[in-house]
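Please open the model in your viewer and keep the sequence panel beside it. The tour below proceeds selection by selection.

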Amino acid sequence: LRDGRSKTVKVSLGDRPEEGDLRAGSWRPTPEASPPTDDDAAMLSKFGLSASSGRELGMRGQRATGAVITRIDPDSPAAGRLQPGDRVLALDGRRIRGPADLAAGLAGASSRILLVVERGGAQVLIDVGLTDD
């Protein structure tokens, strides 16, 4: 009811922010990542990786963003640098919202990439050579 009149509204529900984000007042809604396509999976596979969105893995709030590494081939250039469970947040300064963004970043990469990864609650920089230079 508003001003004595009934009003119907449509709403979209989202994820509740994490407690720490709420306390710090730092939460802002994040744009939804594009859903990954078969081409995205093929691009990740070309680099010996598989990734999922945090949302697909049941994460909520800010933790649902990024591309979570789920598998690394032993022959991948990232083997020994990335680990399953790493959440890729940025690639060469570009924000990564999900696996589709990671695939697009890898498609445009040259011989090296610089990743910002969340691992064990901390952010780390990881430099990966993509060629055998």
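Helices here are DSSP runs of H or I with at least four residues, strands are runs of E with at least two, and both are numbered from the N terminus. The model is a predicted one.

**The whole chain.** Begin with a cartoon of the protein chain, which contains three helices and six strands. Followed along the sequence, these elements come in the pattern α-α-β-β-β-β-α-β-β. Of the 133 residues, 36% are buried. Among contacts with a separation of 6 or more, 48% join residues 24 or more positions apart. Switch to a surface display: the chain exposes about 8600 Å², and carbon and sulfur atoms supply 48% of that area.

**Helix α3.** Next, select residues 99-107. Seven of the nine residues of this helix are buried, so α3 is largely enclosed by the rest of the structure. The buried positions are Pro99, Ala100, Asp101, Leu102, Ala103, Gly105 and Leu106.

Keep Asp101 selected and add Arg97. Their side chains form a salt bridge, with an N to O distance of 3.1 Å. Aspartate 101 has 12% relative accessibility and, because buried means under 20%, falls in that class. Arginine 97, at 25%, counts as partly exposed.

**The cavity.** Return to Leu106 and add Leu49, Ala78, Ile113 and Val128; among the 14 lining residues of the largest cavity, these five lie nearest its centre. Which elements each supply at least two residues of this lining? They include α3 and β5, the latter spanning residues 112-119. The cavity holds about 80 Å³ of space, and a search of the whole structure finds one cavity of 30 Å³ or more. Its lining comprises 13 nonpolar residues, one polar residue and no charged residue.

**Further salt bridges.** The whole structure has five salt bridges. Select aspartate 86 and arginine 119, whose side chains meet at 2.7 Å, N to O. Aspartate 86 sits in the loop between β2 and β3, and arginine 119 in strand β5, so the pair ties together parts 33 residues apart in sequence. Is each partner buried or partly exposed? Aspartate 86 is buried at 1% relative accessibility, whereas arginine 119 is partly exposed at 27%.

Then select arginine 71 and aspartate 73, another salt bridge, at 2.2 Å from N to O. Arginine 71 is partly exposed at 33% relative accessibility, and aspartate 73 is partly exposed at 28%.

**Aspartate 92.** Finish in the loop between β3 (87-91) and β4 (94-95), where aspartate 92 lies. Its phi is near 50°, a positive value in a residue other than glycine. Most residues other than glycine have a negative phi. Aspartate 92 counts as partly exposed, with 43% relative accessibility.

Note on methods: Residues numbered from 1 in each chain as written. Predicted model: local features only at pLDDT ≥ 70, side-chain atom pairs only at ≥ 80, totals over all residues. Heavy atoms only, no water. Buried < 20%, exposed > 50% of the residue type's maximum accessible area, 1.4 Å probe, protein only. 1 Å grid on protein atoms, 1.4 Å probe; cavity = no way out; pocket = protein on both sides within 12 Å on 5 of 7 lines; lining within 4 Å. Points joined across faces, edges and corners; volume = space filled by probe spheres on them. Nonpolar A, V, L, I, M, F, W, Y, C, P; charged D, E, K, R; others polar. Contact = heavy atoms within 4.5 Å. Areas by Shrake-Rupley, 256 points an atom, 1.4 Å probe, with all protein chains shown as cover. Salt bridge = Lys/Arg side-chain N within 4 Å of Asp/Glu carboxyl O.
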